[in-house]
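Please open the structure in your viewer and keep the sequence beside it, since each stop on this tour begins with something to select.

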Amino acid sequence: MPDYGQIAVGSGTLDARLVIGLAAVLFVLGAIGVLIRRNPIVILVCIELMLNAANLTLIAFAAQLHNLDGQLFALMVMTVAAAEAVVGLGILVDIFRVRDVDDIDELSELRG
Amino acid sequence: MIVPQIVFWVMAVIAVLGGLGVVLSRQPIRSVLSLVAVMLALSVIFLMLSAQFVFAVQVIVYAGAVMVLFLFVVALLGPTRERPTTRLRFQWGLGVLVALVFGGFVYALLQGIGFRAPDKTSLNAFGTVEQIASGLFTTYLYPFELTSILLLVAAVGAIYLSRGGRTASEVHRQEEEDQGA
């Protein structure tokens, strides 16, 4: 049975498991960042890191399956990420206009 | 040929170091610049995986536009540093726990993964602008239009959030001051 995990790259091949492993490492780094960092800007940056890792898996599977759908989904993920960054940063600037926040745990007014 | 492996490993090392920089930097500006390094490294891997158009979009829109937006906001808000103490001390332990659990899942997945046989499509004209466009404007026309609506909503929301004049919280604070006086 042939190993379908090998992706043809130019004249050589690349193991899809390596690419997915890299994406997993980056995603875990982003998730850790969201959990342990408290600066709101850094948390947004870590979310972008996770979205990029997800894009990498989409494109790796698109190349492995010879199917373009993964790349189209990666483009849509980029659109959603851009919209998320714009709205998130807009909210942050609006909050910072009223007061300085260097710890996101300070923003707990909505707690019931 | 071993060249693809070499390029991949170099870019993977850059990306992981950049990711560590994002998480561990004390200053937000270094996090943002580390993320730019991650994105550029990933864009090279995209190019290797025959995704030319996504590569271009990643460099221009993501590493270019979105990250410049982040840099603007960091520069606008000034240097902020995290204080070493926090009210939620268990966050570090929780973060490490999540990392271990998720990493274990991925390891198990990669051990038992079975790849399906690829489709018959030729890789020669794969990921070009023409192919992307024909996919976006035929099969995925409705999701494409929905993303444009999403972008419109995000633009309107950003303009609303950053408009001049008093914000709702400022109005609220003013009312509180009036009551106090």
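The tour goes from a hairpin to a nonpolar core and then to a pair of rings, and throughout it you are looking at a predicted model.

Begin by selecting strand β1 of chain A, residues 6–9, and then add strand β2 of the same chain, residues 12–15, which runs antiparallel to β1(A) and is joined to it by 4 bridges. If you pick out A:Gln6, you can look across to its bridge partner in β2(A), which is A:Asp15. The two strands form a hairpin with 2 residues between them, and in the turn A:Gly10 has a positive phi of about 60°.

Stay with β1(A) and colour its two faces: A:Ile7 and A:Val9 belong to the covered face, while A:Gln6 and A:Ala8 belong to the uncovered one. In a regular strand, side chains alternate between the two faces of the sheet.

Next, select A:Leu22, B:Leu49 and B:Phe70, which touch the most other members of the largest nonpolar core, a set of 74 residues. Helix α3 of chain A, residues 69–98, supplies the largest share of this core, with 12 residues. Now centre on B:Phe70, whose contacts beyond its neighbours within four places in sequence include A:Ile41, A:Leu44, A:Ala85, A:Leu89 and B:Val32.

For the last stop, consider the aromatic pairs, of which there are 4 over all chains. How are the rings of A:Phe73 and B:Tyr140 arranged? Their centres are 5.7 Å apart and their planes lie at 80°, so the pair is edge-to-face. The pair crosses between chains, from helix α3 of chain A to the loop between α5 and α6 of chain B. A:Phe73 is partly exposed, with a relative accessible area of 40%, whereas B:Tyr140 is buried, with a relative accessible area of 15%.

Methods:
Residues numbered from 1 in each chain as written. Chains lettered and ligands numbered in written order. Predicted model: local features only at pLDDT ≥ 70, side-chain atom pairs only at ≥ 80, totals over all residues. Heavy atoms only, no water. Buried < 20%, exposed > 50% of the residue type's maximum accessible area, 1.4 Å probe, protein only. Pairing = 2+ DSSP bridges. Core = buried A, V, L, I, M, F, W, Y, C linked by side-chain atoms within 4.5 Å. Contact = heavy atoms within 4.5 Å. Phe/Tyr/Trp six-rings, centres within 6.5 Å; stacked < 30°, edge-to-face > 60°.
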